[in-house]
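Here is a short tour for someone meeting this structure for the first time. Have a look at the sequence and the model, then read on.

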Amino acid sequence: MQPGSPGRPTTPEAATSTTPPGNKATDDEEPLPPFSVQMAQQLGGVRGLVESSIPITLFIVVNFLGDHFKWWSLQTSLIIAVGAALSLAVYRLARREPIRHALNGVFGIAIGAYIAWKSGDAKDVYLPGMLLTVGYVIGMLGSIALGRPLVGWLWSVTLDGGATRWYDNTRLRRAFMWLTGLWAFVYALKLGVQILIYRDTSADSDDLLGIARLALGWPPYALLAALTVWRARIILREEPAAADEPA
């Protein structure tokens, strides 16, 4: 007697493709990339970090040399920094590589350079970045008040293909609420330090502001991004495990 239902012979293909009761097919779900890959996407890799920091770092160095040794003027330092940012963008464009991080460096240094050129104060180079930080803090706090944490949305856009589970999943949404609050706190603290130095009238305040810009730039951002990605992955890994547990 053939195994299987009467009138419906069982084939080897049918036998091997049978899904055990209670299990759901997961072939349609695309798994998240590894943690290191997600971090590379968020930070642009080591190259993205370096390239976006080169223009402002170069300005800090050449402005310090020009100011303390009277080798060149503030305007010369600004030209060197903007020229470096444009060179990086052109180099990437010529190689048909993504230029997002290079463009960030171009716009960031160009706007600040224009303001500093007009005012004659090197500290004004950092003013656009400080104003942008104000916008970040207001935006993050506002998103918490609306129940739609900004960090969750950014995580979705940059690392989750624009999916809505950052909001639909209650645990994820709650985690992104406190993570957004943490981001806002760190950015507000960073802004406070920069404002204090910006208002300082001592001769070395522009150099101190540049150092603060570097120290409070990528290092806190990298730590916050790592914490955000790690917490989201922990929650997403626990969800399937909880669903598979017997009632």
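A salt bridge here is a side-chain nitrogen of Lys or Arg within 4 Å of a carboxyl oxygen of Asp or Glu. The idea behind it is simple: side chains of opposite charge can pair when their charged atoms come close. By this rule the count comes to two salt bridges.

Before going further, some ground rules. This is a predicted model, in which local features need pLDDT of at least 70 and side-chain atom pairs count only at pLDDT 80 or more, while totals for chains, interfaces and linings use all residues. Residues are numbered from 1 along each chain as its sequence is written, and side-chain values use heavy atoms, with hydrogens and water left out.

**The overall picture**

The protein chain has eleven helices and zero strands (DSSP runs numbered from the N terminus: H or I of at least four residues for helices, E of at least two for strands). Of its 247 residues, 32% count as buried; buried means under 20% relative accessible area, exposed means over 50%, and partly exposed is in between, with a 1.4 Å probe and protein chains only. The accessible surface of the protein chain comes to about 15200 Å², and 65% of that belongs to carbon and sulfur atoms (areas come from the Shrake-Rupley method with a 1.4 Å probe; for residues, only the protein chains shown count as cover). Take the contacts (heavy atoms within 4.5 Å) between residues at least 6 apart in sequence: 71% of them join residues at least 24 apart.

**The two salt bridges**

| Pair | Closest N to O distance |
|---|---|
| Arg165 and Asp160 | 2.7 Å |
| Glu238 and Arg171 | 2.8 Å |

In the Arg165 pair, Asp160 is buried because its relative accessible area is 10%, whereas Arg165 counts as partly exposed at 31%. For the other pair, Glu238 and Arg171 meet through their side chains. That pair links distant parts of the chain, with Glu238 in helix α11 and Arg171 in helix α9, 67 residues apart. Glu238 is partly exposed at 35% relative accessibility, and Arg171 is partly exposed at 34%.

**Around Asn169 and Glu239**

Which residues does Glu239 touch, not counting those up to four places away in sequence? They are Asn169 and Arg171. Glu239 sits in helix α11, residues 218-244, and is partly exposed at 30% relative accessibility. Its C-alpha atom and that of Arg171 are separated by 9.3 Å, although the two residues are 68 apart along the chain.

Asn169 lies in the loop between α8 (165-168) and α9 (170-199). Is Asn169 buried or exposed? With a relative accessible area of 18%, Asn169 is buried. Beyond its neighbours within four places in sequence, Asn169 is in contact with Ile235 and Glu239.

**Surface patch and record**

Phe64, Phe69, Trp71 and Trp72 make up a nonpolar patch on the surface, with about 430 Å² of accessible area together (patch residues have over 30% relative accessible area and no salt bridge; like charges are joined within 9 Å, nonpolar side chains, meaning Val, Leu, Ile, Met, Phe, Trp or Tyr, within 5 Å). Trp72 is in the loop between α3 (45-69) and α4 (74-94).

An unreviewed UniProt entry lists "transmembrane region" for several stretches, including 129-155 and 176-198; such annotations may be inferred rather than shown by experiment. Residues 176-198 are 100% helix, with end C-alpha atoms 32 Å apart. Residues 129-155 are 85% helix, and their end C-alpha atoms are 22 Å apart.
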